[in-house]
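Student: Got a minute to walk through a model with me? Let's put it up first.
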Amino acid sequence: MKRKIIHVDMDAFFASVEQHDNPEYKGKPVIVGGLSGRGVVSTCSYEARKYGIHSAMPMYMARKLCPHGIFLSVRRKRYEEVSAQIFDILYSITPLVEPVSIDEAYLDVTDIDKNPEIIALEIKKKVKETTGLTISAGVSYNKFLAKLASDWNKPDGFMVITEDMIPDILKPLPVSKVYGIGQKSEERLKSMGINTIGDLLKLSQENLVEIFGKVGVEIYLRIRGIDERPVETMREIKSIGKEKTLEKDTKDKKLLLHYAKLFSDIISEELFRAGLYARTVTVKMKTSDFAIHTKSKTLNKYIRLSEDIYNVAYEIIENIKLDQYIRLIGLSVSNLSAVKYEQLSFLDKSVVKSIKAENIAREINKKIGQEIVKKASELLNNKTKQWRD
Ligand code: TTP
Ligand code: MG
């Protein structure tokens with residue numbers, strides 16, 4: 001049976017929160033980010049995007065493009081508060097939620113006996129009522145297409161992509177819309193005269209493997225509307241990580257540490273949201289010859305603060321001898337746990353298991369809130385009981 005997947009993503013998230021909290025900023029170009037000399041734009045309102053401003057742009061450039069804009073620093077705590085409200089809404093629909101970032105998630109609603117379009121519209125309505133903000137939603141039968149749909153007519157977007165629309169609807173889109181094709185690949189394809197998904201569709205699977213390596217197979221399938229990636233709840237996730245192919249290969253440790261810091265923030269945020277801790281930190285680097293190197297450190301305690309993650313990454317990076325230029329830097333955490341202290345070796349294993357189960361149950365209950373539908377609550381109770389037995 002075809003799955004029913006919804007992808008949701010808040011519109012200009014940080015900037016929209018600022019406009020909501022300060023109504024005098026509504027309808028104006030609002031730019032949120034680091035305001036210091038070397039700061040970058042986190043995001044900006046759609047009014048500011050008209051000036052060519054976008055995420056990750058140096059702040060001085062944004063100021064040049066839009067001198068009369070409203071420039072604000074990041075109030076992360078506040079955005080996390082709003083994010084928690086949004087995720088509460090999502091978890092009230094199904095536990096099958098995969099958080100992707102602070103403002104974005106996939107839901108698998110295959111088993112819900114309701115039209116997925118109606119569910120998506122209900123999410124949009126509830127988010128608006130609860131937070132005063134708009135969220136874009138996309139509905140389709142896999143993750144790739146659902147994400148494409150949520151991005152289709154942002155802001156306040158809503159789009160459904162059905163099987164019969166494939167591949168025609170994809171043909172005119174730029175190759176950058178394909179999950180797995182980054183900026184570097186896009187440039188490479190452009191130099192080969194391949195600009196749209198339509199162009200990509202003319203290539204054989206072998207051609208794509210020649211260009212992309214192993215992911216070529218996935219890309220081949222994806223542009224034909226095939227994407228079997230499951231919606232992974234945090235429970236099933238074995239590691240959380242982030243990586244980036246650098247604009248230019250580098251030997252500059254300061255730059256690598258800069259990304260390590262950025263990734264530590266993102267990873268920490270995800271750990272908090274999932275109620276998880278981690279014990280292993282891994283730094284991944286791809287050298288200019290495309291060889292992949294990883295170095296891990298496993299601690300004897302569980303961590304989740306950005307600073308703690310960064311300190312381990314710092315130690316690893318500082319100890320690496322950079323003989324070659326680095327093309328990609330990545331950071332991830334693994335050995336995840338819902339409890340902070342797992343060295344309870346003096347306790348019976350079943351006790352640890354029950355503490356874990358209670359922790360998970362509490363967390364799910366917290367996420368779902370009190371207005372939980374009866375059926376789901378019964379289900380949860382049963383589950384908790386089973387775990388305790
Ligand atoms: P996005 O969902 O990528 O962007 P957005 O919500 O601001 O705008 P859109 O309507 O296009 O979805 O990211 C969510 C938030 O994450 C964003 O509001 C700010 C933060 N962020 C950064 O801090 N740095 C970045 O480079 C990006 C892309 C996002
Ligand atoms: Mg967004």
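Student: How many nonpolar, polar and charged residues are in the shell around ligand 1?
Tutor: Seven nonpolar, four polar and five charged. Ala, Val, Leu, Ile, Met, Phe, Trp, Tyr, Cys and Pro count as nonpolar, Asp, Glu, Lys and Arg as charged, and the others, Gly among them, as polar. One caution: this is a predicted model, where local features need pLDDT of at least 70, side-chain atom pairs count only at pLDDT 80 or more, and totals for chains, interfaces and linings use all residues. Residues are numbered from 1 along each chain as its sequence is written, while chains are lettered from A and ligands numbered from 1 in the order in which they are written.
Student: Which residues come nearest to ligand 1?
Tutor: F13, F14, S42, T43 and S55, out of 16 around the ligand. A residue is near if its C-beta atom, placed from the backbone, lies within 6 Å of the molecule.
Student: And which elements each supply at least two residues of that shell?
Tutor: β1 (5-10), α1 (13-21) and β3 (41-44). Helices (H or I, at least four residues) and strands (E, at least two) are DSSP runs, numbered from the N terminus.
Student: New topic. What is the strand order in the open sheet of three strands?
Tutor: β3-β2-β4, with mixed pairing. Two strands pair if DSSP finds at least two bridges between them. β3 and β4 (70-72) are the edge strands, each pairing on one side only.
Student: In which sense do β2 and β4 pair, parallel or antiparallel?
Tutor: Parallel, over three bridges, with β2 spanning residues 30-33. V30 stands opposite I70 in β4.
Student: What does α1 touch on that sheet?
Tutor: β2, β3 and β4. The direction of α1 makes about 120 degrees with that of β2. Touching means contact: C-beta atoms, placed from the backbone, within 7 Å. Axes are lines fitted to C-alpha atoms, for helices over the stretch in contact, and angles run from 0 to 180 degrees between N-to-C directions.
Student: Now the helix pair. At what angle do α9 and α10 pack?
Tutor: About 135 degrees, with the axes 7 Å apart; α9 is residues 205-212 and α10 is 215-222. They are therefore oblique to each other. Under 35 degrees counts as roughly parallel, over 145 as roughly antiparallel, 65 to 115 as roughly perpendicular and the rest as oblique.
Student: Which residues meet there?
Tutor: Q205, L208, V209, I211 and F212 in α9 meet V215, G216, V217, I219 and Y220 in α10. That contact has eight nonpolar, two polar and no charged residues.

Key:
Two residues are in contact if their C-beta atoms, placed from the backbone, lie within 7 Å.
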